[in-house]
Amino acid sequence: MKPDLRVLDGNPRRPDAGPGLSTHILRLVKSAPERRAIASGQVDAVIDPATGKAFLLPDAQQALREDGASVRGLLALASDWRWEQDELHRIVSHTGAASGSSGVFDESIIGKTLRDPPFDTMSEADWRAHQRLLDWRAAFRDLELRCTDRAGGMRSVSISGEPVFDAQDRFKGYRGTMRDITLRKQSEALAQKPLRLACDTLDALAVQLCVLDSAGNVILANKPAGAFAAGSRGIGAVVPVGDNYLAACDKARGSERKDGVAIAAGVRQVIAGDSPLFRHEYVCNSPAGRCQYSLTVTAYPGDGAARVVVSRENVTERKRAERIPGNVTGHKVAEGGPIANSLLAALPAKDYQGLLAGFELVTLTYGEVLFEPGEPIRHVYFPNDSLVSLLTTVEGHEALEVGLVGREGMIGISVVLGMDVSSVRALVQGAGTAMRMNAARFRRQFRKSLPLQGELYRYAHAMLVQARQTAACNRFHEVQGRLARWLLMTHDRARSDQFLLTQKFLADMLGVRRAGVTKAAGTLQQRKLISYSRGKIRILDRHGLEAASCGCYEAVKNHQ
């Protein structure tokens with residue numbers, strides 16, 4: 001006969017089958033006899049002595065069965081199969097869509113651990129880390145392993161598990177779920193192929209290369225860069241990933257201080273968008289000894305974030321080859337070849353022949369700095385089709401153009417006047433070639449050639465006129481006329497209708513704000529005199545541009 005238990009609640013409701021119900025009942029019914037009575041159906045309800053609330057067991061058991069069915073359904077949706085392990089971490093059961101005759105695994109998996117086939121063995125370090133979790137009886141999630149299916153194919157699975165304990169709190173093993181993530185892993189591998197190819201290509205380059213973020217931190221470096229960074233801390237070296245490149249340059253000391261400041265300033269200009277390119281050549285220590293390097297900084301054409309690419313190439317051998325007479329890399333000028341530079345073309349044949357043996361043909365690249373204020377002038381240059389701006393700097397930062405040199409002139413004219421140190425920055429504005437000669441050798445040739453002296457004294461006077469006229473123009477004339485004058489001067493020297501000029505560079509040349517350049521260029525463009533887009537300027541109507549220019553253009557031109 002079943003015990004007759006009085007129900008305290010006159011209208012007992014079906015208990016909520018939410019979380020914690022079974023635990024609540026087991027907390028009230030602790031001894032084995034009571035549990036057996038409940039299991040045999042001899043008890044209809046359990047009363048909580050703390051609250052006086054009655055739980056009707058048939059309803060509670062039904063709610064638990066429904067809750068269990070719901071949990072199993074959700075579990076089947078969230079995983080491909082379920083598994084259980086004993087206390088030695090051997091699989092003792094597995095069920096689910098991936099099991100059975102048509103599934104991934106058959107009964108041969110019983111008795112195996114996650115270190116045994118068909119599971120691909122984890123590395124020793126990974127297994128030790130997983131073993132520690134098992135020893136601590138901790139749950140684990142999303143352990144990704146490879147395994148071999150029944151057909152011999154390679155699968156990827158994600159495993160999650162939790163420890164199981166009996167009523168006496170003794171460890172009985174683990175239970176959990178597995179998910180087949182093979183398709184996801186294959187998709188990830190396919191997505192990584194282009195990136196892997198790009199990385200392998202960068203690693204195969206001989207040049208040291210890295211990518212910096214907007215703060216100057218190294219976010220990517222190829223293998224040559226990493227190898228050099230591990231063996232050297234010379235200025236301009238590609239620092240390890242995660243370190244700050246600008247900080248390394250700013251910390252340069254001794255003989256490397258000057259190059260460090262120049263490189264850091266150039267990198268910051270490219271990051272800020274003030275210049276599309278920066279180049280710098282310098283000498284520093286390396287694992288191979290004192291070497292000469294060429295460093296290039298370019299804007300990164302990425303997703304809009306301010307990033308730059310820094311490349312560094314050892315040019316020691318190339319520079320050494322350029323100094324060898326008759327070498328192809330730094331070749332001598334052919335005696336019968338055309339003379340592109342106007343100053344050299346004006347010399348008598350005898351005087352030109354006297355200079356020819358000391359000349360070498362070099363290529364000047366956009367953004368290259370030939371010398372800075374206060375630096376010794378080691379070489380003089382006679383441009384053929386290149387274009388160089390002479391800039392005066394204020395406190396080492398602000399720059400204003402005071403001269404423009406193309407095929408009509410010479411870079412390093414101070415040597416003619418007896419000065420061995422530069423007073424300006426010589427910045428390559430248009431890439432091309434030039435005739436270069438060692439400054440000491442040039443002085444000797446200059447003293448021996450009266451025609452050369454006459455041509456260069458005349459040119460030095462023209463440069464003084466250009467500097468004076470530029471100063472007056474910047475003070476008294478409107479930006480539009482000054483811009484037209486400057487474009488005409490560039491057009492005369494560049495032998496091209498198109499130039500690569502950033503807004504910041506134009507503002508520096510004219511001594512105005514960027515907004516002033518934008519307005520002036522926009523007006524000239526509306527009049528169809530030029531086209532201006534993304535730093536590229538094209539001359540469309542030269543005669544119209546001459547009419548729009550101030551009178552300073554003709555004043556300078558008449559003294560050339």
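**Exercise 1. The overall picture**

How many helices and strands does the chain have? Work that out, then get a feel for how much of the chain is tucked away.

*Solution.* Keep in mind that you're looking at a predicted model. Step one: count the elements, which gives 18 helices and 22 strands. Step two: check burial, and you'll find that 42% of the 560 residues count as buried. Step three: turn to the surface, where the accessible area is about 29800 Å², with 53% of that belonging to carbon and sulfur atoms. Step four: look at contacts with a separation of 6 or more; residues 24 or more positions apart account for 58% of them.

**Exercise 2. Two helices that meet**

Describe how α14 and α15 are arranged, and say which residues touch.

*Solution.* Two packed helices are described by the angle between their axes and the distance between the axes. Start with those: the axes of α14 (residues 479-494) and α15 (residues 503-510) come within 11 Å and cross at roughly 100°. An angle from 65 to 115 degrees counts as roughly perpendicular, so α14 is roughly perpendicular to α15. Next, list the contact: α14 brings V479, R482, L483 and W486, while α15 brings F505, L506, M509 and L510. Finally, sort these residues by type: seven are nonpolar, one is charged and none is polar.

**Exercise 3. Inside the cores**

Find the residues in the largest nonpolar core that touch the most other members, then follow F382 to its neighbours.

*Solution.* The largest nonpolar core holds 36 residues, and the ones touching the most other members are L370, F382, M410, F442 and L456. Helix α13 (residues 450-476) supplies the largest share of this core, five residues. Now zoom in on F382: leaving out residues up to four places away in sequence, its contacts include L343, L344, F359, M410, F442 and L456. Don't stop there, though: a second, separate core has 33 residues, with L387, L391, L483 and M489 among them.

**Exercise 4. Odd backbone angles**

Which residue has a positive phi of about 60° although it is not a glycine? Compare its setting with that of R137.

*Solution.* Most residues other than glycine have a negative phi. K528 is the one with the positive phi of about 60°, and it sits in the loop between α16 (514-526) and β21 (530-533). R137 also has a positive phi, near 55°, and is found in the loop between α4 (124-135) and β5 (140-148). For accessibility, K528 counts as exposed because its relative value is 62%, whereas R137, at 33%, counts as partly exposed.

Note on methods
Residues are numbered from 1 along each chain as its sequence is written. This is a predicted model: local features need pLDDT of at least 70, side-chain atom pairs count only at pLDDT 80 or more; totals for chains, interfaces and linings use all residues. Side-chain values use heavy atoms; hydrogens and water are left out. Axes are lines fitted to C-alpha atoms, for helices over the stretch in contact, and angles run from 0 to 180 degrees between N-to-C directions. Helices (H or I, at least four residues) and strands (E, at least two) are DSSP runs, numbered from the N terminus. Angles under 35 degrees count as roughly parallel, over 145 as roughly antiparallel, 65 to 115 as roughly perpendicular and the rest as oblique. Contact means heavy atoms within 4.5 Å. Ala, Val, Leu, Ile, Met, Phe, Trp, Tyr, Cys and Pro count as nonpolar, Asp, Glu, Lys and Arg as charged, and the others, Gly among them, as polar. A nonpolar core is a set of buried Ala, Val, Leu, Ile, Met, Phe, Trp, Tyr and Cys residues joined through side-chain atoms within 4.5 Å. Buried means under 20% relative accessible area, exposed over 50%, partly exposed in between (1.4 Å probe, protein chains only). Accessible areas come from the Shrake-Rupley method with a 1.4 Å probe; for residues, only the protein chains shown count as cover.
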